[in-house]
Amino acid sequence: MATHTLNRNSFGDPKNAGNLLSIEEAHELLNEWVPNDRLRLHMKQVAANMKAWALEKEQADEKTALKWELAGLLHDADWEKYPDDHCRVIIEELEKRNIDPEIIHCIASHGPSYFGVEPISKMDKMIYAIDELSGFIHAAALIRPTRYEGLEVKSVLKRLKTPSFAAQVSRDDINDAVSRIDTPLEELVQFIIDHQKDIS
Ligand SMILES: [Fe+2]
């Protein structure tokens, strides 16, 4: 991934707070921008985890949960078409559409070592923690004959300690992200397995 730092720290316009895409509009954008099924599935999985986390762990209302879901759904929307400009293009698109700045900041900070933007809100910190782990857990499920069925946290943790497995997933990023939240890695892995296993 040849990403560039964004070189900015302010995203969107505060007067757009509360402006959200509908979930249908977000899926439309995704279908248009992301022809790759595998990548679309990744975003749907991250979105499902984000929405569930907001509702179950943050006692968020429906509108706040939709914000978390939208950030998850759109965080890699430009990755397939603009790999060298990920995630600048989707950020500018959402700014053009006058979308809530919290969603845009969340997307901008989902990889601080790549984009140079620090996660600040709980939503920012959770997308950072969920993103890489979600992809890693999916890879761990795919190599099993029964996929997610019977997939245990301890086998995911063991694979994390095996550098050759899904080698492109940065263990440093995962450790850094988990160090910024107060949920242990084991618990987050279980949460992700439970909430993404049925997403298709
Ligand atoms: Fe991602």
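Reader: Hello! How many of the eight residues of helix 5 are buried?
Author: Happy to help. This is a predicted model, where local features need pLDDT of at least 70, side-chain atom pairs count only at pLDDT 80 or more, and totals for chains, interfaces and linings use all residues. Residues are numbered from 1 along each chain as its sequence is written. Helix 5 (residues 101-108) is mostly covered, a helix being a DSSP run (H or I) of at least four residues, numbered from the N terminus. Counting as buried any residue with 20 or more other C-beta atoms, placed from the backbone, within 10 Å of its own, the number for helix 5 is eight of eight.

Reader: Thanks! Is Ile91 buried or exposed?
Author: Ile91 sits in helix 4 (residues 88-96). Because 26 other C-beta atoms lie within 10 Å, Ile91 is buried.

Reader: Which residues is Ile91 in contact with, leaving aside its neighbours within four places in sequence?
Author: Contact here means C-beta atoms, placed from the backbone, within 7 Å. Phe11 is 80 residues from Ile91 in sequence, yet their C-alpha atoms are 7.9 Å apart. The contacts of Ile91 are Phe11, Ile104, Ile107 and Ala108.

Reader: And which helices help cover the buried residues of helix 5?
Author: The buried residues of helix 5 include Pro101, His105 and Cys106. Their cover includes helix 3 (62-74), helix 4, helix 6 (112-115) and helix 7 (122-142).

Conventions. Helices (H or I, at least four residues) and strands (E, at least two) are DSSP runs, numbered from the N terminus. A residue is buried if 20 or more other C-beta atoms lie within 10 Å of its own, exposed if 12 or fewer, and partly exposed in between; C-beta atoms are placed from the backbone. Two residues are in contact if their C-beta atoms, placed from the backbone, lie within 7 Å.
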